[in-house]
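Colleague: Could you walk me through reading a model like this one, feature by feature?
Modeller: Gladly; let us put it on the screen.

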Amino acid sequence: MGEKYKRGRTIVESVPKTIQGTRYLWQLSHHDHELAGEIGQALQIPPLVALILTKRQISSPSQARDFLYSRLENLASPHQLPDIEKAVIRIVRAIEHREQIVVYGDYDVDGIAATALLVHFISRLGGKVQWYLPHRIDEGYGLNKRALSQLHGQSVSLVVTVDCGSSDHDAIQHARELGIDVIVTDHHQPPRHLPAANVLLNPKLDQDVTELRDLAGVGVAFYLVTALRTHFRRSGRWNVSDQPNLREYLDWVALGTLADMAPLTSTNRILTSVGLLELSRTSRYGLRALREICGLDNSQVGDWDVLFRLGPRLNAPGRMGNGELALRLLLSTDLSEARTLARQVDEINRERQVAEDKLLAEVLASVEADNSFQASGSLVLASPGWHKGLLGLVASRLVERFNKPTVLLTQVDQVWEGSGRSVPTFDLHRALDCCSEHLLRFGGHRQAAGLRLKQEQLPGFREAFESIVTKEIPREDLPRTLKVDSVARLDEINPGVMTYLELMQPFGVGNPEPIFCCQDFQVENLRILKGSHLQLRLRQGNTRLNAIGFRLLESGQTAPVPERLVFSPRWNYWQGEKRLQLYIIDYC
Ligand SMILES: [Mn+2]
């Protein structure tokens, strides 16, 4: 054992490479102590933090510095996006000629944040701009002919989409025939044949776009706005000092990017980490009212707050039908109006929760009623009465439970429509592409997608989808694995380390939250809350820490005294106090 690992880190070597926990097979990965030492020394950060950084594709001290301290100066140029200048020129012409512009959005958080951003900025430039959000149940996702005919009737001559449009060939063709120009800005996987829009702005269209490839819809809108600002500055409209500060828009960008589960690496990491700071001090009435209703008025807003509090509320109106309420909340310029809207959004979110639980129970009952699902690699379920806006949420919960790619469908106007969610290793979008002969339409990403098919296509689709899944995902029951970053002693999880772990936020896709394993502790206090949550007080030497694990136990199970835990540490804010707490992921 070398001298440099002696103090404190010897414990690492005495833990096996894999440990079978109650729910997961824990994989303790190899450490690059040399690189960690180099990073730790150069940045003067705790060894444990340096070690975690080496497990986030960071291979030098300067990369580690850029990762911890996000700087807007490091953002990639908008001109990485082909055709962005064409989009700018067309929008500027519309502004100058007082054309009626419409921002055509989507009803999820990403879509409404992108809509708000573009509407706000174009009107700031003096453009005549209004917005259009399709109704989720009546119209569905994306552009549709009826909406475009209606906009044509309102003398609209330019439609700029956000977060949608890449697959809407017919509607775009229709718009062009009516004399409406269409600029598509989107981040969904483009189809092989592209629609006939005047401009297509989608980072996934071009292989050479690297740093911007994973932008969310609101990220693409933000880049368009950046390019518009440059154009206006160059044409002499503003001095550098009185041009709009785009940093102020990053609160919306962070909301949409986090809620859309876009990978939090590269450009998205910078946008979201700076954006969360903006969200924490935003002066927008809508966001302030929304934070109030979530009990977040005076605290820093973190990734969890967006995912579990702000995001679901903003999503709820769109899921239940009409996202307009959430968009009006974001754009509100009056505090008392914003508070009323926030209350309404909150109420709809409660209705959504009740409806979601009910639908989940119903779907689970049909899974249990059909024995064939036990042996199948995928779940494809359809029922005419299911609520279309909730299928994605419920599909996610089925994936969590059964670990199988899941597609849920409901009937809309004689066709089946629905949502799919996937397990991390399986590319859902590609699978749907392979089954496209059985589909009317599909679109989305690796992990989440939407689809539409005819009644008679369902059996064929189910069979084709199942055969792709069984070919790609091994038949035998693979254990669910959990990557553990490092073993740690309890005294290593301290406020100093937490400061740096907080700098690594936001966590999510592409930037997983650090997970630690600890052992050799005493359990001083053990409680079961609400039948399924496990609460512990741990002691190791002189260090005592509280730990909590949500939904770890089956109801009626007696309390186990764990010997080893895997957890992520977080600050817990409660009644004005800030306490370190370990969130238990698994135990054995
Ligand atoms: Mn999106």
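Modeller: What follows goes through the cores, two helix pairs, a sheet, a hairpin and a few loop residues.

Modeller: This is a predicted model, where local features need pLDDT of at least 70, side-chain atom pairs count only at pLDDT 80 or more, and totals for chains, interfaces and linings use all residues. Residues are numbered from 1 along each chain as its sequence is written.

Colleague: Let us begin inside. How many residues has the largest nonpolar core, and which have the most contacts inside it?

Modeller: First the terms. A residue is buried if 20 or more other C-beta atoms lie within 10 Å of its own, exposed if 12 or fewer, and partly exposed in between, with C-beta atoms placed from the backbone. A nonpolar core is a set of buried Ala, Val, Leu, Ile, Met, Phe, Trp, Tyr and Cys residues joined through C-beta atoms within 7 Å. Here the largest one has 93 residues, and L117 and L118 have the most contacts inside it. The most residues in this core, 10, come from helix 6 (residues 109–124). Helices (H or I, at least four residues) and strands (E, at least two) are DSSP runs, numbered from the N terminus. A separate second core of 35 residues includes A36, I45, V484 and F567.

Colleague: Which residues does L117 touch?

Modeller: Contact means that two C-beta atoms, placed from the backbone, lie within 7 Å. Leaving out residues up to four places away in sequence, L117 touches V218, A221, F222, V225, Y249 and W252.

Colleague: How should I describe two packed helices?

Modeller: By the angle between their axes and the distance between the axes. Axes are lines fitted to C-alpha atoms, for helices over the stretch in contact, and angles run from 0 to 180 degrees between N-to-C directions. For helix 6 and helix 9 (residues 217–234), the axes come within 8 Å and cross at roughly 15°. Helix 6 is therefore roughly parallel to helix 9. For such labels, under 35 degrees counts as roughly parallel, over 145 as roughly antiparallel, 65 to 115 as roughly perpendicular, and the rest as oblique. The residues of helix 6 that meet helix 9 include L117, L118 and F121; V218 and F222 are among their counterparts in helix 9.

Colleague: What is the handedness of that crossing?

Modeller: A crossing is left-handed if the near helix is turned anticlockwise from the far one by less than a right angle, and right-handed if clockwise. Helix 6 and helix 9 make a left-handed crossing. Now take helix 2 (residues 33–43) and helix 4 (residues 61–68): their axes come within 9 Å and cross at roughly 60°. That makes helix 2 oblique to helix 4, and helix 2 passes helix 4 in a right-handed crossing. In this pair, E38, I39, A42 and L43 of helix 2 meet P61, A64 and R65 of helix 4.

Colleague: On to the sheet. In what order do the five strands lie?

Modeller: In general, strands of a sheet pair through backbone hydrogen bonds, either parallel or antiparallel. Two strands count as paired if DSSP finds at least two bridges between them. This open sheet has the order 8-9-10-12-11, with mixed pairing. Strand 8 (379–382) and strand 11 (441–444) stand at the edges with a single partner strand each, so one side of each has no neighbour in the sheet. On average, neighbouring strands are turned by 15° against each other, direction ignored. Strand 9 (residues 406–412) and strand 10 (residues 415–421) are antiparallel over seven bridges, and L409 has G418 in strand 10 as its bridge partner. Helix 17 (residues 391–402) packs on the sheet, and its direction makes about 45° with that of strand 10.

Colleague: Where is K530, and is it buried or exposed?

Modeller: K530 lies in the loop between strand 16 and strand 17. K530 is exposed, with 9 other C-beta atoms within 10 Å, and its phi is near 50°, a positive value in a residue other than glycine. Strand 16 (residues 522–529) is joined by seven bridges to the antiparallel strand 17 (residues 533–540), with L526 opposite L536. Strand 16 is hardly covered: its count of buried residues is zero among eight.

Colleague: Which peptide bond is cis?

Modeller: The one joining Q505 and P506, with omega about -5°. P506 sits in the loop between helix 20 (495–503) and strand 15 (516–519).
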